Amino acid sequence: MAGTIKYEELKALLAKSGDLVLIDVRGDDEVRGGRIPGSIHIPLPMLDNALSMKPDEFKARYKVAKPAQDTHKLVFYCQSGRRGEMAANKAQRHGYINVYNYDGAYSEWSRRERKQTQF
């Protein structure tokens, strides 16, 4: 079973940038409303195919390098946490080992980030 990650840890990892691959598995309509900076958008129904791609195919499709199976932290998120958990479990089945679900999901991220910018 994949691990979970909290808001504070995700913020710290984003600040380090090299320690994290962040994948947004929400649908296109949801992503239009915003996303976590630096995330790669791969809708959940396309994830199995994406993780099965050769590195050059992945880069051509998503414009970033395909994460290595031993990436330091591979974190998935959705709107509320359920699809992120499903995505993390799929990644483990594809051989990824350092896999996490951001259980606060985009709903928490957007709420907390909005509060920070209001001060």
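Let's start from the outside of this predicted model: the accessible surface of the chain adds up to about 6,600 Å², and carbon and sulfur atoms hold 50% of it. Charge is part of the picture too. The chain carries 20 positive and 15 negative side chains, yet the centres of these two sets lie 2 Å apart.

Now for the fold itself. Six helices and five strands make up the secondary structure of the chain, and if you walk from the N terminus you meet them in the order β-α-β-α-β-α-α-β-α-β-α. With a radius of gyration of 14 Å, close to the 14 Å that the globule rule gives for 119 residues, the chain is therefore as compact as a globular protein of that length. Along its principal axes, the C-alpha trace spans about 45 × 25 × 25 Å.

What about the interior? Buried residues, meaning those under 20% relative accessible area, account for 43% of the 119 residues in the chain. Contacts tell us how the sequence is brought together: taking those with a separation of 6 or more, 61% link residues 24 or more positions apart.

Helix H1, covering residues 7-16, is a good place to look more closely. Here Tyr7, Leu10 and Leu13 are buried. Viewed down the axis of H1, the buried residues fall within an arc of 125°, so they line one face of the helix. The spacing fits a general rule: an α-helix has 3.6 residues a turn, so residues three or four places apart point the same way. Turn to the face of H1 that points away from this buried side, and you will find the exposed residues Ala15 and Lys16.

Notes
Residues are numbered from 1 along each chain as its sequence is written. This is a predicted model: local features need pLDDT of at least 70, side-chain atom pairs count only at pLDDT 80 or more; totals for chains, interfaces and linings use all residues. Side-chain values use heavy atoms; hydrogens and water are left out. Helices (H or I, at least four residues) and strands (E, at least two) are DSSP runs, numbered from the N terminus. The radius of gyration is taken over C-alpha atoms; the globule rule is 2.2 Å times the number of residues to the power 0.38. Buried means under 20% relative accessible area, exposed over 50%, partly exposed in between (1.4 Å probe, protein chains only). Contact means heavy atoms within 4.5 Å. Accessible areas come from the Shrake-Rupley method with a 1.4 Å probe; for residues, only the protein chains shown count as cover. Lys and Arg count as positive and Asp and Glu as negative; His and the chain ends are not counted. The place of a charge is taken as NZ of Lys, CZ of Arg, CG of Asp or CD of Glu. The arc is that of the directions from the helix axis to the C-beta atoms.
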